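Please look over the sequence and the model below. The paragraphs that follow go through confidence, a helix, a charged side chain and the aromatic rings in turn.

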Amino acid sequence: MILAEYQQVPDPIGHSLGVSSVVAALPLIVLFVLLGVLRMRAWLASIIGLAVAIVVAVTAYSMPIGDALNSGLLGAAFGFFPIMWIVVNAIWIYNLSVQTGHFDVLRRSFASISDDQRIQAIIIAFCFGALMEALAGFGTPVAISSVMLIALGFRPIKAATVALVANTAPVAFGALAVPITTLAAVTKLPLNDLGSMVGRQTPVLSVLVPLALVFIVDGRRGLRQVWPAALLCGLVFGAFQYLASNFWSIPLTDIVASLASALAVLLFTRVWHPKENYVEDEPDDEPVRGGGAAPSRTAAPNGGGAVATATRTETEVRDRPIEILRAYSPYLIIVIVFVIATRVSAIAGVAPKKPGQKGTGLESVTHIVNWPGLHITNPAGKAVATTFKLNYLSAAGTLLLLSGILTMIALGVGPARALRTYLSSLNQLKIAIVTVMAVLALGFVMNNAGETVTLGLWLAGAGGAFALLSPILGWLGTAVTGSDTSSNTLFGALQVAAGAHAHLSPTLLAAANSSGGVLGKMISPQNLAIAAGAVGLQDREGDIFRKVLGWSVAFVVFMCLLVYLQSTAVLSWMVV
């Protein structure tokens with residue numbers, strides 16, 4: 001039996017790309033208005049946005065209702081595995097360390113490096129978060145770094161904001177450069193050229209991000225007092241990101257850059273200290289994730305005469321070296337597990353590329369299946385991938401589950417207690433799970449119906465000025481899907497085609513898609529839900545969205561200007 005195929009039409013409304021683009025954008029407009037203006041709960045806003053996407057697909061694009069619903073089902077499945085599978089296990093590891101008291105030990109250890117929250121934001125959210133992005137990606141750094149910041153006394157909404165804004169510059173090379181390898185696959189451009197070009201765009205952004213984090217934590221005073229450390233961190237990260245991506249190893253780019261920048265900040269703070277310490281009091285009316293209690297705090301004068309805050313007993317507690325090691329052990333275990341599972345070829349193996357193929361190593365049990373009943377072709381008549389990958393062993397969430405089991409041993413947690421903690425973590429994230437599944441369902445409906453293609457083609461019609469708009473296409477793709485990899489899959493080939501039409505470098509524009517995409521991640525409802533769920537602020541995704549929207553827009557405008565200048569004689573020397 002031959003099943004009917006649905007073919008995407010980019011201009012279904014009166015054969016007008018402009019009018020069709022307005023209609024295609026309705027699901028996103030509705031979603032972001034509900035979140036940012038009406039402050040609706042994210043899970044409800046996402047479901048309404050999904051409903052709008054289905055209505056647009058069926059009425060405007062003439063997509064069969066069965067295909068629209070089935071596309072949403074595929075997106076929801078992807079939202080749980082692998083996305084929320086990562087977050088659930090990451091939060092479980094965190095909760096294990098909280099219940100054993102080792103997160104308090106970790107907090108005191110970080111405080112001994114610097115008890116200034118502005119420095120802590122740089123080290124944890126930017127440097128450590130970049131390391132987590134390099135190894136796992138897909139929401140892991142936001143989930144882990146945000147709860148680490150809370151353990152250090154950050155307010156939940158500030159911890160979420162800092163973690164989201166920090167998760168920008170490293171994203172293009174995240175998960176061992178999966179976004180870049182995907183971009184190379186869909187554009188047929190050399191991997192090394194694309195990696196090198198992205199490595200000449202995001203490092204410039206890297207210089208600004210730590211400064212932005214300091215401003216988020218303490219405003220202008222923070223910039224005046226801590227700019228040397230923030231600037232050093234950004235410059236070192238950017239320099240090593242450029243060097244690794246252009247000369248050493250594209251997959252290891254973020255690992256090298258994160259470790260180098262963290263070391264630079266640690267050494268610098270041994271000989272330099274800000275004029276005043278900054279530790280913010282946590283308001284009593286703001287909840288702490290996981291139902292935990294906020295550390296007891298009291299006001300104390302600092303050297304500059306301003307008022308700072310300090311934990312009453314922190315200076316009285318001296319942890320034994322073995323307990324400090326055990327406090328760090330969950331994150332050391334995560335790094336070791338991911339390095340072994342992804343870099344030791346005999347263990348990592350080779351993943352299958354399409355249905356029916358067999359993998360090796362951890363990928364030997366991986367299956368790629370065609371999603372039942374879904375057959376989509378693009379406007380050119382070529383099949384749109386509607387497969388689902390079940391990589392049971394190699395998935396980042398599974399590696400985190402293994403890390404959690406090893407963490408149980410390291411922290412002395414019994415199976416019964418660990419199981420109770422796991423069930424509690426699932427309950428804690430139930431709203432975030434629904435939200436992420438709904439958002440991914442929305443994204444898949446828009447993608448399969450052709451709504452996203454319509455928006456991309458409309459932007460690509462700008463001709464020579466497209467270089468200025470190119471990063472916006474990547475930004476939009478990531479905002480919809482929550483993934484720079486998915487954005488590159490959607491728009492990578494379109495960027496190359498638009499570049500050829502406008503006589504612009506295809507490598508430049510393809511790289512711009514990925515570099516612009518990293519800036520849409522912080523406003524993606526998927527990642528907002530992950531951040532809100534991690535810090536215990538479910539139903540307040542709209543508040544977090546308003547905190548990060550300005551940064552996302554400002555950074556993407558900056559990236560647009562950089563890419564445009566790279567397309568002209570001013571910065572053309574930077575183009576591969």
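The model is predicted, so confidence comes before any local detail. The average pLDDT of the protein chain is 83, and 91% of the residues score at least 70. Residues 287–315 fall below a pLDDT of 50, yet in the model this stretch has 54 contacts beyond near neighbours in sequence. Side-chain atom pairs count here only at pLDDT 80 or more.

Helix H21 covers residues 506–517. Its 12 residues, taken at 1.5 Å a residue, should span 16 Å, because the expected span is 1.5 Å times one less than the number of residues. The end C-alpha atoms of H21 lie 17 Å apart, which agrees with that expectation. H21 is also mostly covered, with 11 of its 12 residues buried. The buried residues of H21 include Leu-508 and Leu-509, the alanines Ala-510, Ala-511 and Ala-512, and the polar residues Thr-507, Asn-513, Ser-514 and Ser-515. Gly-516 and Gly-517 are buried as well.

A charged residue comes next. Asp-67 belongs to helix H4, which runs over residues 65–99. Asp-67 is buried but has no salt bridge. Which side chain of opposite charge is nearest to Asp-67? That side chain is Lys-382, 21 Å away, whereas a salt bridge needs the side-chain nitrogen and the carboxyl oxygen within 4 Å of each other. Leaving aside residues up to four places away in sequence, Asp-67 touches Tyr-6, Gly-373 and Leu-374.

The aromatic rings remain. The structure holds 9 aromatic pairs. In one of them, Phe-240 and Trp-248, the ring centres are 6.2 Å apart and the planes meet at 55°, so the pair is tilted: stacked would need planes under 30 degrees apart, and edge-to-face over 60. Trp-248 is exposed, with a relative accessible area of 52%, while Phe-240 is partly exposed at 29%.

Phe-268 and Trp-272 make another pair, with ring centres 5.1 Å apart. Why does this pair count as stacked? The planes of the two rings are at 20°, which is under the 30 degrees that stacking requires. Trp-272 has a relative accessibility of 17% and therefore counts as buried, the limit being 20%. Phe-268, at 23%, is partly exposed.

Aromatic residues also group beyond single pairs: Phe-215, Trp-551 and Phe-555 form one aromatic cluster.

Key
Residues are numbered from 1 along each chain as its sequence is written. Side-chain values use heavy atoms; hydrogens and water are left out. Rings of Phe, Tyr and Trp (its six-membered ring) pair if their centres lie within 6.5 Å; planes under 30 degrees apart count as stacked, over 60 as edge-to-face and the rest as tilted. Buried means under 20% relative accessible area, exposed over 50%, partly exposed in between (1.4 Å probe, protein chains only). Helices (H or I, at least four residues) and strands (E, at least two) are DSSP runs, numbered from the N terminus. Lys and Arg count as positive and Asp and Glu as negative; His and the chain ends are not counted. Contact means heavy atoms within 4.5 Å. pLDDT is the predictor's confidence in each residue, from 0 to 100.
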